[in-house]
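The following note is offered to a colleague who has the sequence and coordinates at hand. It takes up pockets, cores, the annotated domain and a few individual residues in numbered points.

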Amino acid sequence: MSDTDLLSRCTTVLPGHRARTPAEMFAAMAAWCEANGIVHDTYGDGALIQRFEARVAELLGMEDAVFCISGTMAQATALRLAADARGRAPVVLHPTAHVFVHERSNFQLLGHFDALRAGDPHRPWSAADIGGIPDRLAAVALEIPMREIGGQLSPWEDLEAIKAHCRARGIHLHMDGARVWEAAAGYGRPVAEIAAGFDTVYTSLYKGIGGLGGAMLAGRRDVIAEAAEWFKRLGGNVFQRSPYVVAAAMQFEQRLAAMPACFARTLFLYDVLRDYPELRVNPARPQANMLHVHLPVGRERALEIRRELARDHGIWIFNRISHGVLPDTAFFELYVGDNLLDAPDGRVREAVALLADAVRRGA
């Protein structure tokens, strides 16, 4: 039986939001469009998309926002424009930045900008990581929260110090805010307060929001206008953006309202995991509604355990899993969404106990 078939038979799924079939998703979109009198945009010109762009800008405390077909295009454009405006000085990125880890060296091969790595790959940035760089910089790009290290956040005092440092030196401060809505609960502050002091903010329309794809780039009005022009030049001028915008907008407010509950559920999951020393959790305490679980078994054995629990107990533990740094170890990400919100406490405890038992036997 394939993994897809196993997943479809599971009654308890731990990671993420409940997956909708295309038929379910499109039916929900059609019903929402009918109820709200939605019409298509034309190359981004339309009431729906412009209202949604304004709403995202408002929540982030920015002057303007523009839809972009992908976060990769949005971030590369924002950082390249910042570098161009500052004599092609380098951009500073954390070693785990999406640009380095997932974008296949686009910044380098396409000549977008030069990049410097700063900070420890296993820790969020501190103020000293940025303040200690002697080079003249065009931009600093900070991911909030940092996905590759379990959703960690820079301490608030360090974040404020980084903002002040960039402002004093005329350095463009960009936020990779793919999951910035999730960070509000961890910081205990509104998103606009987190974004205050950033020059541009990218946020995803499909990760925590659950849309079909796409992104928003927010910032000062003139910066966003220039970025929108470059999106067209780079092939991002999609004729009708309404499918992506509808898929996000129809559930946007609901998803944001659920973020505190998702964070509280993450704290519950963390407390359950702590009862099993063979399941090591990163970070030491959740800072967003996600975390990493490290296992004392190799990746292939972990995949076997996933299949066993799915086949024998109807429990789907994780989606992707990665090799650990040490031999015969592995780790996976758990993003807490609808699935864990809806799972009974007892079933979650049972799932974690079964995982721990399988890991003990596998190790």
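**Notes on the predicted model**

1. The largest pocket encloses about 1100 Å³ of space. Its lining comprises 31 residues, of which Gly16, Arg147, Lys207, Asn319 and Glu333 are the closest to the centre. It should be kept in mind throughout that this is a predicted model.

2. Several elements contribute to the lining of the largest pocket: at least two residues each come from helices α2 (22-36) and α12 (242-273) and from strands β12 (321-323) and β13 (330-335). Strand β13 provides the largest share, with four residues. In terms of residue class, the lining of the largest pocket is made up of ten nonpolar, eleven polar and ten charged residues.

3. The second largest pocket has a volume of about 760 Å³. It is lined by 29 residues, and those closest to its centre are Asn282, His294, Gly324, Val325 and Phe331. At least two lining residues are supplied by each of α12, β9 (280-282), β10 (290-295) and β13. The class division for this second lining is 16 nonpolar, eight polar and five charged residues. The reader may wish to note that α12 and β13 are listed for the largest pocket and are listed again for the second largest.

4. An unreviewed UniProt entry carries the annotation "domain: Aromatic amino acid beta-eliminating lyase/threonine aldolase" for residues 24-294. In the model, 47% of this span is helix and 14% is strand, and the C-alpha atoms at its two ends are 34 Å apart.

5. Which residues have the most contacts inside the largest nonpolar core? They are Leu60, Ile144 and Trp181, in a core of 57 residues. Helix α12 gives the largest share of this core, namely nine residues. Apart from this core lies another, of 33 residues, which includes Leu279, Leu291, Ala343 and Leu354.

6. The surroundings of Leu60 can be described in further detail. With neighbours within four places in sequence left aside, Leu60 is in contact with Val180, Trp181, Val191, Ala192, Ala195, Val201 and Ala218. Of these partners, Trp181 is itself among the residues with the most contacts inside the largest core.

7. Two cis peptide bonds merit inspection. One runs from Ile144 to Pro145, with omega near -15°; Pro145 belongs to the loop between β5 (139-143) and α8 (156-169). Ile144 has already been named for its contacts in the largest core. The other cis bond joins Asn282 to Pro283, with omega of about 5°, and Pro283 is situated in the loop between β9 and β10. Asn282 is also one of the residues closest to the centre of the second largest pocket.

8. Positive phi values outside glycine should likewise be checked. Tyr43, in the loop between α2 and α3 (47-60), has phi near 50°. Its relative accessibility is 45%, so Tyr43 counts as partly exposed. Ser105 has a positive phi of about 60° and is placed in the loop between α5 (98-102) and α6 (106-109). Ser105 is likewise classed as partly exposed, because its relative accessibility is 30%.

9. Is Gln251, in helix α12, buried or exposed? At 4% relative accessibility, Gln251 counts as buried, because the cut-off for that class is under 20%. With residues up to four places away in sequence not counted, Gln251 touches Arg20, Met25, Ile209, Gly210 and Gly211. Gln251 and Met29 are 222 residues apart along the chain, and their C-alpha atoms are separated by 9.8 Å.

10. Finally, Ser2 is located in the segment before α1 (3-9). Its relative accessibility of 36% lies between the limits of 20% and 50%, and Ser2 therefore counts as partly exposed. Between Ser2 and Pro260 there are 35 Å in space, C-alpha to C-alpha, and the two are 258 residues apart in sequence.

Note on methods
Residues are numbered from 1 along each chain as its sequence is written. This is a predicted model: local features need pLDDT of at least 70, side-chain atom pairs count only at pLDDT 80 or more; totals for chains, interfaces and linings use all residues. Side-chain values use heavy atoms; hydrogens and water are left out. On a 1 Å grid over the protein atoms alone, a cavity is a set of points where a 1.4 Å probe fits but cannot get out, and a pocket is an open set with protein on both sides within 12 Å along at least five of seven lines; lining residues have an atom within 4 Å of a point. Grid points are joined across faces, edges and corners, and a volume is the space filled by probe spheres set on the points. Ala, Val, Leu, Ile, Met, Phe, Trp, Tyr, Cys and Pro count as nonpolar, Asp, Glu, Lys and Arg as charged, and the others, Gly among them, as polar. UniProt positions are given in the numbering used here, feature names are shortened, and annotations may be inferred rather than shown by experiment. A nonpolar core is a set of buried Ala, Val, Leu, Ile, Met, Phe, Trp, Tyr and Cys residues joined through side-chain atoms within 4.5 Å. Buried means under 20% relative accessible area, exposed over 50%, partly exposed in between (1.4 Å probe, protein chains only). Contact means heavy atoms within 4.5 Å.
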